[in-house]
Amino acid sequence: MSGVLLRERGFYGNDRGTSHLRFRLLGPLQVNRGEKTLELGPPKQRALLAVLLLRPGLETGVDQLIESLWGEDSPAYAKNLIQKSVSGLRGLLTGLDGDDPGVTLEWSGGGYRMDVGASEVDLYTYEQLAAAGIAAARKGEIMQAVKLLEEARTMSTGPLVEGLEGPMLDRERLYRQERFLADMEVRAELELELGRHRNAVPYLHYAVHKYPLRERFLWLLMLALYRSDRGNEALTTYAVQRARVVEELGVEPGPALRALHARLLLQDPQLMVMSALRQDSGAAQDEIATPITIPPLARRGPFD
């Protein structure tokens with residue numbers, strides 16, 4: 001997302017005072033106070049901050065932190081390094097004066113606990129927007145759902161804490177990427193439901209190019225092309241992607257793609273009906289028709 005748009009939304013704005021912090025977890029880890037970017041220290045200290053931000057308000061024991069940062073091959077000095085890193089983060093992030101408690105990082109019985117207070121965290125904002133967008137789609141508020149999911153999409157500027165290493169961060173990075181792609185599949189489905197097929201084509205071309213083995217994006221692109229009077233392109237796109245999958249994996253495309261391809265060859269008029277999207281995609285693929293549980297603010301992944 002561009003810096004201009006982020007400032008318009010307030011993520012990089014100064015309206016909340018220079019003492020408030022803004023954390024960026026999507027892309028390289030970054031923390032700003034006003035216009036100043038903070039120096040967060042060595043890689044393990046940065047990784048520790050990322051782990052704590054992914055568990056806001058929750059106690060995380062030293063042993064759990066060691067596993068999160070090193071896994072089974074932790075060095076003998078791991079506990080000392082964690083204590084040193086916590087001290088360093090406290091000096092960087094805690095409140096500047098008594099009127100602004102800022103971020104707190106405390107030992108609470110069984111572990112360290114971080115509270116970001118009034119600070120802004122891009123990942124939390126993304127999760128709120130995406131969850132609200134999915135909820136709006138379930139209620140049939142398609143235009144509102146598209147707006148919210150598009151805002152969520154522009155929040156994602158890169159992989160979670162890109163460049164930082166650690167077993168937990170690797171797991172969370174994969175989880176967040178999968179959630180992002182699932183949200184964007186819904187975003188594309190809604191565009192087709194609204195009849196905005198031509199608008200969806202460039203986005204879906206990009207998604208298919210970047211995630212060539214993600215069959216749902218290809219399915220949606222083929223349908224969008226067909227509905228945009230570009231049926232031959234839809235068939236060509238399928239043929240190119242099929243050849244790639246056969247060469248790289250030695251398997252045919254999945255049943256949903258093959259079924260859509262067959263209907264395109266027959267020029268099935270039902271493909272022009274908006275409800276065809278849900279009828280042909282299969283219940284397992286249909287994020288809108290199939291109820292799923294998405295917390296209001298998914299701050300934790302399944303591997304915590």
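In this predicted model, strand E1 (residues 21-24) and strand E2 (residues 30-33) pair in the antiparallel sense over 4 bridges. The two strands belong to an open sheet of 4 strands with mixed pairing, arranged in the order E3-E2-E1-E8. Beyond the sheet, the structure holds a nonpolar core of 81 residues, the largest one found, and a search of the whole structure finds 18 salt bridges.

**The sheet and its hairpins**

- Within the pairing of E1 and E2, Arg 22 has Asn 32 in E2 as its bridge partner, and the two strands form a hairpin with 5 residues between them, where Gly 27 in the turn has a positive phi of about 100°.
- Strand E2 also runs antiparallel to E3, to which 2 bridges join it, and in this pairing Arg 33 stands opposite Lys 36 in E3.
- The hairpin of E2 and E3 has 2 residues between its strands, and Gly 34 in its turn has a positive phi of about 65°.
- In a regular strand, side chains alternate between the two faces of the sheet.
- In E2, Gln 30 and Asn 32 point one way while Val 31 and Arg 33 point the other way, and all of these residues are buried.
- The sheet is open, its 4 strands following the order E3-E2-E1-E8. Because strand E3 (36-37) and strand E8 (120-121) stand at the edges with a single partner strand each, one side of each is left without a neighbour in the sheet.

**The nonpolar core and the surface**

- In soluble globular proteins, nonpolar side chains tend to be buried together.
- Among the 81 residues of the largest nonpolar core, the ones that touch the most other members are Phe 23, Leu 49, Leu 53, Ile 82, Leu 93 and Leu 204, and the largest share of this core, 10 residues, comes from H9.
- When its neighbours within four places in sequence are left aside, Leu 93 is in contact with Leu 21, Phe 23, Val 31, Arg 33, Leu 38, Leu 49, Val 103 and Met 114.
- On the surface, Leu 213, Leu 249 and Val 251 make a nonpolar patch of about 270 Å², and Leu 213 is found in the loop between helix H8 (197-210) and helix H9 (215-227).
- Asp 63, which lies in helix H3 (residues 62-70), is exposed, with a relative accessible area of 56%, and its C-alpha atom is separated by 9.4 Å from that of Ala 78, 15 residues apart along the chain.

**Salt bridges involving helix H7**

- Side chains of opposite charge can pair when their charged atoms come close.
- Glu 127 and Arg 176 form a salt bridge in which the closest N and O atoms are 2.6 Å apart. Since Glu 127 lies in helix H5 (residues 122-138) and Arg 176 in helix H7 (residues 167-193), the pair ties together parts that are 49 residues apart in sequence.
- Both partners count as buried, because the relative accessible area is 9% for Glu 127 and 6% for Arg 176, and the cut-off for a buried residue is under 20%.
- The side chain of Arg 176 also meets that of Glu 172 in a salt bridge, with 3.1 Å from N to O; these two residues both lie in helix H7, 4 residues apart, which is about one turn of the helix, and Glu 172 counts as buried at 0% relative accessibility.
- Arg 216 forms a salt bridge with Glu 189, the closest N and O atoms being 2.6 Å apart. Because Arg 216 lies in helix H9 and Glu 189 in helix H7, this pair ties together parts that are 27 residues apart in sequence.
- Arg 216 is buried, with a relative accessible area of 5%, and Glu 189 is likewise buried, with a relative accessible area of 2%.

**A shared network of charges**

- Glu 150, Arg 153, Arg 187, Glu 191 and Arg 196 are joined into one network by salt bridges that share partners.

Conventions: Residues numbered from 1 in each chain as written. Predicted model: local features only at pLDDT ≥ 70, side-chain atom pairs only at ≥ 80, totals over all residues. Heavy atoms only, no water. Patch = residues over 30% accessible without salt bridge, like charges linked within 9 Å, V, L, I, M, F, W, Y side chains within 5 Å. Areas by Shrake-Rupley, 256 points an atom, 1.4 Å probe, with all protein chains shown as cover. Salt bridge = Lys/Arg side-chain N within 4 Å of Asp/Glu carboxyl O. Pairing = 2+ DSSP bridges. Core = buried A, V, L, I, M, F, W, Y, C linked by side-chain atoms within 4.5 Å. Buried < 20%, exposed > 50% of the residue type's maximum accessible area, 1.4 Å probe, protein only. Contact = heavy atoms within 4.5 Å.
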